[in-house]
Amino acid sequence: MTQSKTIHNKIQTTNTAIENLKCKECGEEYALEAKHICEDVCFGPLEVKYNYEKISQIVSRPIIEAGPQSIWRYRHFLPVETDNVIDVGTGMTPLVKSERLARRLGLKNLYIKNDAVNMPTLSFKDRVVSVALSRARELGFSTVSCASTGNLANSTAAIAAKAGLECCVFIPADLEAGKILGTLIYNPTVMAVKGNYDQVNRLCCEVANSYGWGFVNINLRPYYSEGSKTLGFEVAEQLGWQLPDHVVAPIASGSLYTKIYKGFKEFVKVGLVEDKAVRFSGAQAEGCSPVAKAFKEGRDFINPVKPNTIAKSIAIGNPADGIYALELARKTNGNIESVTDAEIIEGIKLLAETEGIFTETAGGTTIAVLKKLVEAGKIDPEETTVTYITGNGLKTQEAVGGYIGEPLTIEAKLDSFEKAWERAQRLDRLDWQQVLV
Ligand SMILES: *Cc1c(COP(=O)(O)O)cnc(C)c1O
Ligand SMILES: [Zn+2]
């Protein structure tokens, strides 16, 4: 009797705090379906509307702390109706207090949120996909899909496999080998489109309209984007239930960047943390920096660009949440800065050499922007600054190949080792290559 009641409760529990979808521009409300645009009124983007009164009655620090070691410890803030979520261990990644990188940059309170080790596919995208596919299952979708710059396809394919959902993903054909292999291994259908991400996305909008599939970042976007709030929740909890002073995060569509802010604000709203003015700084690659350009030129609109950068995972030329990212940087007294491909490679190496974290090009972009902002005096050394590392370097190996030297090949003899070691002592590591040639 008791047992069956427990099981019954588990299936039936509903999250009554999610109320509707609401247009970010005009406030029009819609039912909680697979819909992302205010099609009746203004064509603005839809967001999930919550009842924060209800949430604040349910949650507390101890309840969250006793929850699962994953994003689902924050499930009352996430747009799912049942407890039957797909928990593949996503989230609760390390928040690392930086010592050596901080010293190198002259910062006193630098933290690294390390989503390079997120589960299951080593990028922040596992957060948004865990949420989107949990909701897709509730809405009854049997086939899921996405328009991806690489990491999203990895996550969608992996988590769909775990959930037993059919999966067909769309990627630009020129992606890094590691990103393509890291999708194919889960055996979805992979469409490699001859075009850039913005063209892939346009195609997917047409497919979404006629195939009845759940596209995580198109018709499921209101649910998907909520997953990024967990990057804010976790940092607040890991800092001992307080907000940082300054955040540095990458901007592709601008969703992650703006949702970290939303996460912080929701914690304030329900009384979990004290309010504080957090500065939000954004990072883009110069070869695809429509938001950084608009920021610098003082515009409040985005001019779309054609991407040309090694930072493919954040190469979105026409960012859906670009104007909201702009707005956030300005209202929080932050900055949006861009860096060259050469600086991105230096950023990847700098993080690896000082912190032992191998990130991909997006992370290199963020570290290079962090450095640039510090050098320009736009980050105060005393500020508690959190920089978000969103992906893993093993997926974009071609970006750094040729810039990291070579192993010293020696004979299996002591004197061969000794000679090589002696030379290595005298040379900068990057010169080794020349010695060997
Ligand atoms: C997708 C992605 C981002 C940024 O995503 P938004 O579209 O801005 O939410 C950042 N880093 C990595 C590694 C990504 O894959
Ligand atoms: Zn509207």
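Visitor: How many salt bridges are there, and what makes a contact count as one?

Guide: The count comes to 29 salt bridges in this predicted model. A pair qualifies because a side-chain nitrogen of Lys or Arg lies within 4 Å of a carboxyl oxygen of Asp or Glu.

Visitor: So why is the contact between Glu337 and Lys296 called a salt bridge?

Guide: Their side chains meet at 2.9 Å, N to O. The cut-off is 4 Å, so the pair passes. This bridge links distant parts of the chain, with Glu337 in strand 12 (residues 336-339) and Lys296 in helix 12 (residues 290-296), 41 residues apart.

Visitor: Buried or exposed: what do you call Glu337, and what about Lys296?

Guide: Glu337 has a relative accessible area of 11%, and buried means under 20%, so Glu337 is buried. Lys296 comes out at 48%. That value falls between the 20% and 50% limits, so Lys296 is partly exposed.

Visitor: What about Glu422 and Arg426: how do you know that they form a salt bridge?

Guide: Their N to O distance is 3.6 Å, which is within 4 Å, so they count. Both sit in helix 16 (residues 414-426), and because they are four residues apart, about one helical turn separates them. As for accessibility, Glu422 is partly exposed at 49%. Arg426 reaches 62%, and exposed means over 50%, so Arg426 is exposed.

Visitor: Which salt bridge does Glu266 make with a residue of helix 11?

Guide: Glu266 meets Lys262, at 3.7 Å from N to O. The two lie in helix 11 (residues 255-269), four residues apart, about one turn of the helix. Both are buried. They also belong to a network of salt bridges that takes in Lys24, Glu47, Glu226, Lys229 and Lys259.

Visitor: Over to the metal. What makes the site of the zinc ion (ligand 2) tetrahedral?

Guide: The angles among its four donor atoms are 98 to 119 degrees. Four donors count as tetrahedral if all angles lie between 85 and 135 degrees, so this site fits.

Visitor: Which residues are the donors, and how do you know that they coordinate the zinc ion (ligand 2)?

Guide: The SG atoms of Cys23, Cys26, Cys38 and Cys42 are at 2.2 to 2.4 Å. Donors must be within 2.8 Å of the metal, so these four qualify. In sequence, their spacing is C-x2-C-x11-C-x3-C.

Visitor: Why is Cys23 called buried, and what is Cys26 called?

Guide: Cys23 has 3% relative accessibility, under the 20% limit, so Cys23 is buried. Cys26 has 39%, between 20% and 50%, so Cys26 is partly exposed.

Visitor: What makes you say that strand 10 is mostly covered?

Guide: Five of the five residues in strand 10 (residues 246-250) are buried. In a regular strand the side chains alternate between the two faces of the sheet. Here His246, Val248 and Pro250 are buried on one side, and Val247 and Ala249 on the other.

Visitor: How do you know that strand 10 pairs with strand 11 and strand 13?

Guide: Pairing takes at least two bridges. Strand 10 has five to strand 11 (residues 279-285), so they pair, and they run parallel. With strand 13 (residues 384-389) there are three, so that pair passes too, again parallel. Pro250 stands opposite Ala283 in strand 11, while Val248 has Thr387 as its bridge partner in strand 13.

Visitor: What do strand 10, helix 11 and strand 11 make together?

Guide: They make a right-handed β-α-β unit.

Terms used. Residues numbered from 1 in each chain as written. Chains lettered and ligands numbered in written order. Predicted model: local features only at pLDDT ≥ 70, side-chain atom pairs only at ≥ 80, totals over all residues. Heavy atoms only, no water. Donors = N, O, S within 2.8 Å, 3.2 Å for Na, K, Ca; no water. Tetrahedral: all angles 85-135°; square planar, octahedral: opposite > 155°, others 65-115°. Buried < 20%, exposed > 50% of the residue type's maximum accessible area, 1.4 Å probe, protein only. Right-handed = clockwise from strand over helix to strand, strands pointing away.
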